[in-house]
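Reader: I'm new to this one and would like a close look at a single part of it. Could you take your time and walk me through that part and what surrounds it?

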Amino acid sequence: MAGYPEADSGAVRNGSQVSYISQDSSVIPEFLGQKYGNCAKRLDLSFNQLRYVLFSSISYCLTITVVGCDACERSLHGLEKFEILEELILDNNLLSNELRLPSLPHLHTLTLNKNQISDLEDLLQHLTEVTPNLQYLSLLGNQACPNELVSLDKDEDDYQRYRYFVLHKLTCLKFLDTRQVTKRELEEAVARGTFMKVMKPVDVEESNDVVSQSPEMPYSPLPSASRDLTKHRGVLGKCRYVYYGKQSEGNRFIRDDQL
């Protein structure tokens, strides 16, 4: 009955709000879309194990064949059934740069706090395509959002540049993370936002692989005649130069009567 909580296998419905929280689920249960897809305006899937994986089929969800990989079972398949969705909460999951949402034309609120997203530009480009009416976005706790929650070497200037870049891409936003978008920020975003791109953090393992796989250089910074340090060609001999000290800097200030 509308207005009263309704539980179904971990799901709780209260009017047009549906919650499926802390179920450690790696997929969106099929019954959620079948039962609530046509009435839910707010969907909370926080504190699960959701991670998007592309599958290959006619439907929105595609399957990849990888033996022994439980990641193949994790996806956001089923989200496309929530056609009138306005708010989507995906906090505290395992969503990364592969995140892809279905078209959600009515969505105005999206929170992706504490996931594993590092490529900000790719995410924003995707959101402009599938959520044209987005007004509230929160990315706190992801590497893509540079602040002290993620890294101690980030400061307020880093975070402000991030805000300018996001507002440059998503011009309809009214709230970003925990702060309301100001008129001055919008002006700065229009004027300088394109130059505030937040660089994707370099994965240490990836950088090591690039170094190990790089081809040998066709040149050497050392002369071709360089020899091993253990094979030097030192010369021993007598020096015929005799030093009398006449040109010494100290002798220029000593008079004969002081000797």
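Where is the place of L88?

Author: Happy to. Keep in mind that what you're looking at is a predicted model. L88 has its place in strand β5, which covers residues 87-89.

Let's stay with that residue for a bit. L88 counts as buried because its relative accessible area is 0%, and the cut-off for buried is under 20%. As for what it touches, set aside the neighbours within four places in sequence, and L88 is in contact with L43, L79, L101, L104, L107, T109, L110 and T111. There's also a link across the sequence to look at: L88 and R42 sit 46 residues apart along the chain, and their C-alpha atoms are separated by 6.0 Å.

Now zoom out one step, to the core. The largest nonpolar core has 45 residues, and the ones touching the most other members are L88, L101, L110 and L137. The elements giving two or more residues to this core are α1, α2 (120-130) and α3.

Follow the contact from L88 to L110 and you get another view of that core. Again leaving out neighbours within four places in sequence, L110 is in contact with L88, L90, L101, L127, L134, Y136, L137 and S138. So which residues turn up among the contacts of both L88 and L110? L101 is one of them, listed for L88 and listed for L110.

From the core we can step over to helix α1, where you'll find G33. G33 is buried too, since its relative accessible area is 10%. Beyond its neighbours within four places in sequence, G33 is in contact with K81 and F82. The C-alpha atoms of G33 and E83 are separated by 9.6 Å, with their positions 50 residues apart along the chain.

Just ahead of that helix is a loop worth a look. S22 is found in it, between β3 (17-19) and α1 (30-36). S22 has a positive phi of about 55° although it isn't a glycine. With a relative accessible area of 46%, S22 is partly exposed. D24 has its place in the loop between β3 and α1 as well, and its phi is near 55°, a positive value in a residue other than glycine. D24 counts as exposed, because its relative accessibility is 56%.

Helix α3 was on the list of core contributors, so let's see how it meets another helix. Helix α3 (residues 156-169) and helix α4 (residues 183-192) pack at an angle of about 75°, with their axes 8 Å apart. That makes α3 roughly perpendicular to α4. On the α3 side the contact is made by Q160, R163, Y164, L167 and H168, and on the α4 side by R184, E185, E188, A189 and R192. Sorted by type, the residues of this contact are 3 nonpolar, 2 polar and 5 charged.

Finally, here's the whole chain around the part you asked about. Its secondary structure comes to 5 helices and 9 strands, running β-β-β-α-β-β-β-α-β-α-β-β-α-α from the N terminus. Of the 259 residues in the chain, 35% are buried. Among contacts with a separation of 6 or more, 55% come from residues 24 or more positions apart. The accessible surface is about 17200 Å², and 52% of it belongs to carbon and sulfur atoms.

Notes:
Residues numbered from 1 in each chain as written. Predicted model: local features only at pLDDT ≥ 70, side-chain atom pairs only at ≥ 80, totals over all residues. Heavy atoms only, no water. Helix = DSSP H or I, 4+ residues; strand = E, 2+ residues; numbered from the N terminus. Buried < 20%, exposed > 50% of the residue type's maximum accessible area, 1.4 Å probe, protein only. Axes fitted to C-alpha atoms, helices over the stretch in contact; angles between N-to-C directions. Parallel < 35°, antiparallel > 145°, perpendicular 65-115°, else oblique. Contact = heavy atoms within 4.5 Å. Nonpolar A, V, L, I, M, F, W, Y, C, P; charged D, E, K, R; others polar. Core = buried A, V, L, I, M, F, W, Y, C linked by side-chain atoms within 4.5 Å. Areas by Shrake-Rupley, 256 points an atom, 1.4 Å probe, with all protein chains shown as cover.
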